Amino acid sequence: MNIWLRRYTKILTGLTFGLVIAGGLVTSTGSGLAVPDWPLSYGQLMPPMVGGIRFEHSHRLIASLIGFMTLLLTFWIGWREKRRWMRWMSIGALGMVVFQGILGGMTVLFLLPAPLSIFHGCLAQTFFAWLVVLAYGQSKEWQSKEMIRTGVTALKQFLLIAFGFVYAQLVLGAAIRHTHNHLLLIPHLIGALIVLVLAIAILVHVLRHHSAESRLTKPAIFLFALVIAQLLLGMGSFVYTVVFPKSDLPASLSQVFFVTGHQSLGALILAACVFLTARVFRLDPHAGHEKIATGLLRPSGAP
Amino acid sequence: MKKLILSLIALLVTSSAYANGISGTVQFKGTAPAPEPLSMSADPTCAAAHSEPVYSQSVIVNDNGTLRNVFVYVKEGLEGKTFETPKESIEFDQKGCMYTPHVVGAQVGQKIQIMNSDNTLHNVHSLAEKSKQFNLGMPIQGMKLFKQFDSPEIMVKMKCDVHPWMSAYIGVLPHPYFSVTDNQGNFSIESIPAGDYVIEAWHETYGTQTQSVSVAEGEQIKVSFEFGV
Ligand SMILES: [Cu+2]
């Protein structure tokens with residue numbers, strides 16, 4: 001175990017969340033094409049930071065830093081880490097960040113076609129959630145021998161279903177953001193209610209069955225709180241983009257705040273959901289399997 | 001699209017004019033909306049270019065109660081005819097972090113000379129739907145470049161993503177019969193062949209209106225439109 005590697009992974013993960021916000025600001029302020037060339041910016045490494053260039057070029061700078069840090073992480077893990085899955089996770093992270101950078105460049109050169117922008121937005125959040133798992137894999141908790149026994153639980157199923165719906169919400173949200181197709185708001189709203197129900201189910205389950213296990217209660221409460229906050233930000237975004245749209249002049253501060261906040265909190269929800277899932281699978285790897293051993297799912301023909 | 005109060009109409013005045021033409025004014029009805037001030041603080045060079053407050057150009061009501069920047073053009077009646085592409089280019093300037101002119105017409109294939117008169121950088125971004133879009137960096141003061149549009153389109157929106165308040169509209173037509181209302185609300189379409197036409201008036205905030213007109217040989221027709229709330 002390497003304490004510096006662990007810290008470094010955490011810092012990289014935190015900075016990546018900052019990059020998600022910075023990328024969101026580019027779209028919210030309508031600055032995605034303020035720098036028409038890529039990979040250089042107006043033929044330079046450092047153009048004047050005025051108007052929309054402030055957002056677009058800051059995003060490029062932070063992204064370069066994250067790309068470089070991910071490269072370093074991959075080398076570091078390749079050098080110090082024995083676990084194969086960790087090595088593959090880091091190579092996966094590097095592949096994602098390189099692809100993401102090229103994708104970002106393509107959105108500029110092809111003038112923001114919606115499918116590319118949606119893909120760029122979704123991959124950003126996927127990369128962030130991926131790093132969260134990577135950082136968790138580096139943690140003391142993961143590398144300890146400790147396990148907890150919770151018995152047969154539905155928690156894993158809840159979490160995996162929640163992950164699926166949160167991810168679908170991310171894709172839908174990105175599609176609404178980049179196509180302005182308001183019809184998509186209907187499935188997005190339905191998805192939001194399903195995610196809310198699942199967050200409540202997860203919270204109730206954890207509080208009822210594992211109330212003494214703060215490693216599960218805290219993330220479950222956190223996830224629930226994020227979902228509530230997300231509903232409020234979603235309503236704000238709806239009000240400022242659909243009810244009172246302001247298309248021509250620079251976007252209002254409230255619009256930028258709600259829309260960027262909604263998108264960034266979405267990334268955090270995805271990460272929180274992935275983290276709690278990883279933790280449950282790590283701490284109680286056998287839950288669920290016991291079902292096969294003890295009960296309903298016994299292979300037919302067995303005594 | 002906003003509901004328009006359609007109004008008419010045409011004073012058909014036969015005059016002893018030299019050639020056939022369609023001209024007139026676009027009136028504004030109702031109270032003019034308060035002009036929206038633009039903040040250029042995002043780029044100090046832009047802010048420094050203006051000593052007076054700057055306002056959005058999305059609605060400009062002239063002092064005489066007419067509407068500026070209405071694009072008036074022949075929509076129907078010229079089908080099957082071909083027209084030469086003018087050799088002279090349209091000037092389209094970026095000055096004080098505003099587009100000059102804000103609304104302009106061009107023929108298909110006609111060169112548009114895009115200039116940057118500002119000591120800051122602009123990206124000039126065409127949102128054309130029928131011609132190929134482009135997004136070009138113009139980082140140097142005095143820089144010029146030429147572009148053209150390959151298909152007719154009402155209207156091609158131009159914008160700058162560095163300065164999100166900057167927008168302009170270019171009407172692209174296969175013929176030369178178009179005009180934009182000036183600071184008196186007047187437009188004038190000259191030397192048009194005699195015939196029956198549908199003319200349309202387009203405004204970025206108030207939408208479009210059409211009228212049918214007949215132009216006889218040697219006739220100058222007066223048409224008026226009225227936009228408003
Ligand atoms: Cu500009």
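The lining of the largest cavity in this predicted model is made up, by class, of 10 nonpolar residues, with no polar and no charged residues among them. The residues in question are A:Ala162, A:Val166, A:Val195, A:Leu198, A:Ala199, A:Ile202, A:Leu223, A:Val227, A:Ile269 and A:Cys273. Two or more residues of this lining are given by each of four elements of chain A, namely helix H6 (155-179), helix H7 (185-209), helix H8 (214-243) and helix H9 (253-283), and the largest share, four residues, comes from H7(A). The space enclosed there is about 40 Å³, and a search of the whole structure finds one cavity of 30 Å³ or more.

One of the lining residues, A:Cys273, leads on to the cysteines. A:Cys273 is buried, with a relative accessible area of 1%, and A:Cys122 is also buried, at 7%. A:Cys273 takes part in no disulfide, the nearest cysteine sulfur being that of A:Cys122, 15 Å away. Seen from the other side, the cysteine sulfur closest to that of A:Cys122 is the one in A:Cys273, and because 15 Å lies between them they are too far apart for a bond.

Over all chains the structure holds one disulfide, and this bond joins B:Cys46 to B:Cys97 with an S to S distance of 2.0 Å. The torsion about the S-S bond is about -70°, and the disulfide is therefore left-handed. Because B:Cys46 lies in helix H1 (residues 44-48) of chain B, while B:Cys97 lies in the loop between strand S3 (90-95) and strand S4 (98-100) of that chain, the pair ties together parts that are 51 residues apart in sequence. Both B:Cys46 and B:Cys97 are buried.

Chain B also supplies the protein donors of the copper ion, which are B:His122 through ND1, B:Cys160 through SG, B:His163 through ND1 and B:Met166 through SD, lying 2.0 to 2.7 Å from the ion. Along the chain these donors follow the spacing H-x37-C-x2-H-x2-M. Distant parts of the chain are linked by B:His122, in strand S7 (residues 122-126) of chain B, and B:Met166, in the loop between strand S10 (153-159) and strand S11 (167-173) of chain B, the two being 44 residues apart. Both B:His122 and B:Met166 are buried.

Why is the arrangement of the four donor atoms around the copper ion irregular? The angles that these atoms subtend run from 94 to 138°, whereas a tetrahedral assignment would need all angles to lie between 85 and 135 degrees; the arrangement is therefore irregular.

Terms used:
Residues numbered from 1 in each chain as written. Chains lettered and ligands numbered in written order. Predicted model: local features only at pLDDT ≥ 70, side-chain atom pairs only at ≥ 80, totals over all residues. Heavy atoms only, no water. 1 Å grid on protein atoms, 1.4 Å probe; cavity = no way out; pocket = protein on both sides within 12 Å on 5 of 7 lines; lining within 4 Å. Points joined across faces, edges and corners; volume = space filled by probe spheres on them. Nonpolar A, V, L, I, M, F, W, Y, C, P; charged D, E, K, R; others polar. Donors = N, O, S within 2.8 Å, 3.2 Å for Na, K, Ca; no water. Tetrahedral: all angles 85-135°; square planar, octahedral: opposite > 155°, others 65-115°. Buried < 20%, exposed > 50% of the residue type's maximum accessible area, 1.4 Å probe, protein only. Disulfide = S-S within 2.5 Å.
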